[in-house]
Amino acid sequence: MLQLSQIAPEFLARVRENVGGFAWWYVDVTTETGDALVLIWSEGLPFLAGSRDARSSVERGAVSLALYREGQTEFYLLEEAPLQIDDVDGNASAGKSRFVVRRNAKSLSVHVELDLVVPGSDERLTGRVRLRGAPFDVALPSAETEHSWTPRLLSARAEVDLRMGERSWILQGNGYFDGNASTRPLTRQGIDAWYWGRVAFGSNRSVVFYDWTPAGEA
């Protein structure tokens with residue numbers, strides 16, 4: 001299999017040029033005790049309010065963060081912020097937050113430094129997220145590709161150290177990283193519903209499933 005990064009810059013450029021296009025990079029970390037993190041940095045995220053407005057993805061940067069304790073949601077933040085994307089691998093910055101992705105033939109690492117405003121609070125959420133594992137090769141999209149889902153790390157060693165005032169979240173567990181991008185709006189892709197999930201087994205194995213229902217077939 002060949003890696004998406006070989007032709008991805010042209011695809012990402014088309015995503016950013018088209019009204020309604022979107023691109024996001026997704027990380028999750030899970031532990032055996034049910035603690036977890038979900039982190040997304042994005043342009044044109046389809047789940048933002050006003051996402052159906054005629055605007056390019058470049059105008060709608062956002063960072064989303066969810067934290068779970070023993071399977072229960074403990075913290076959630078979805079914040080619009082200008083996002084500077086450096087490349088399709090996910091290297092980017094949003095305000096004081098930095099997202100760094102490095103790859104070679106044998107490993108891929110994700111290093112995130114977060115410094116986020118928390119609405120309704122005088123505190124900021126700060127800290128880091130780290131993942132490292134064997135990269136997963138993905139098929140090359142053709143020149144006509146409109147929507148590309150690209151798993152990057154299926155099962156990685158992961159560490160999380162986040163703080164907000166006196167609260168802290170320190171996790172070590174199984175991590176996952178992927179990307180999702182499209183040159184046209186999600187609402188115009190003939191998808192009635194989709195189902196995605198990941199089940200981690202210990203620290204070095206996970207199963208990822210993805211299914212979707214075409215419009216009119218639900």
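Relative accessible area sorts residues into three classes: buried is under 20%, exposed is over 50%, and partly exposed lies in between (1.4 Å probe, protein chains only). The views show a predicted model, in which local features need pLDDT of at least 70 and side-chain atom pairs count only at pLDDT 80 or more, while totals for chains, interfaces and linings use all residues. Residues are numbered from 1 along each chain as its sequence is written, and side-chain values use heavy atoms, with hydrogens and water left out.

**View A. Confidence along the chain, from helix α1 to strand β9.** Confidence is given as pLDDT, the predictor's own score for each residue, from 0 to 100. Helices (H or I, at least four residues) and strands (E, at least two) are DSSP runs, numbered from the N terminus. A contact is a pair of heavy atoms within 4.5 Å. The protein has a mean pLDDT of 86, and 91% of its residues reach 70 or more. Among its elements, β9 has the highest mean pLDDT (97) and helix α1 (residues 8-17) the lowest (78). Residues 1-7 have a pLDDT below 50, although this stretch makes 21 contacts in the model beyond near neighbours in sequence. Where pLDDT is low, the predicted coordinates should not be read in detail.

**View B. The open antiparallel sheet of 11 strands.** Two strands are taken to pair if DSSP finds at least two bridges between them. Angles run from 0 to 180 degrees between N-to-C directions, with axes being lines fitted to C-alpha atoms (for helices, over the stretch in contact). The strands follow the order β4-β3-β2-β1-β11-β10-β9-β8-β7-β6-β5, with antiparallel pairing. The edges are formed by β4 (72-80) and β5 (83-85), each of which pairs on one side only. On average, and with direction ignored, neighbouring strands of this sheet are turned by 15 degrees against each other.

**View C. The β8-β9 pair and the salt bridge between E113 and R130.** The antiparallel strands β8 and β9 are joined by 10 bridges. V110 stands opposite L131 in β9. A salt bridge is counted where a side-chain nitrogen of Lys or Arg lies within 4 Å of a carboxyl oxygen of Asp or Glu. E113 forms such a bridge with R130, with the closest N and O atoms 2.6 Å apart. E113 belongs to β8 (residues 108-117) and R130 to β9 (residues 124-133), so that the pair links parts of the chain 17 residues apart. E113 is partly exposed at 30% relative accessibility, and R130 is likewise partly exposed at 22%.

**View D. The salt bridge between D28 and R198.** The whole structure contains 11 salt bridges. In one of them, the closest N and O atoms of D28 and R198 are 2.6 Å apart. This pair links distant parts of the chain, 170 residues apart: D28 is in strand β1 (residues 22-30) and R198 in strand β12 (residues 191-201). D28 counts as buried because its relative accessibility is 6%; R198 counts as buried at 15%.

**View E. The salt bridge between D161 and R163.** The closest N and O atoms of D161 and R163 are 3.4 Å apart. D161 is partly exposed, with 25% relative accessibility, and R163 is partly exposed, with 39%. Elsewhere, D89, R103 and R152 are joined into one network by salt bridges that share partners.

**View F. Aromatic pairs, including W41 with F99.** Rings of Phe, Tyr and Trp (its six-membered ring) pair if their centres lie within 6.5 Å; planes under 30 degrees apart are stacked, over 60 edge-to-face, and the rest tilted. The count by this rule is 10 aromatic pairs. W41 and F99 are stacked, at 4.5 Å centre to centre and 20 degrees between the planes. Because W41 lies in strand β2 (residues 36-43) and F99 in strand β7 (residues 97-103), the pair ties together parts 58 residues apart in sequence. Both partners are buried: W41 at 0% relative accessibility and F99 at 1%. The ring centres of Y176 and W196 are 5.5 Å apart and their planes are at 55 degrees, so this pair is tilted. Y176 lies in strand β11 (residues 167-182) and W196 in strand β12, so the pair ties together parts 20 residues apart in sequence. Y176 is buried at 0% relative accessibility, whereas W196 is partly exposed at 27%. One aromatic cluster is formed by F22, W24, F47 and W194.

**View G. E70 in the loop between β3 and β4.** Most residues other than glycine have a negative phi. E70 is not a glycine, yet has a positive phi of about 50 degrees. The loop that holds E70 runs between β3 (61-69) and β4. With a relative accessible area of 62%, E70 is exposed.
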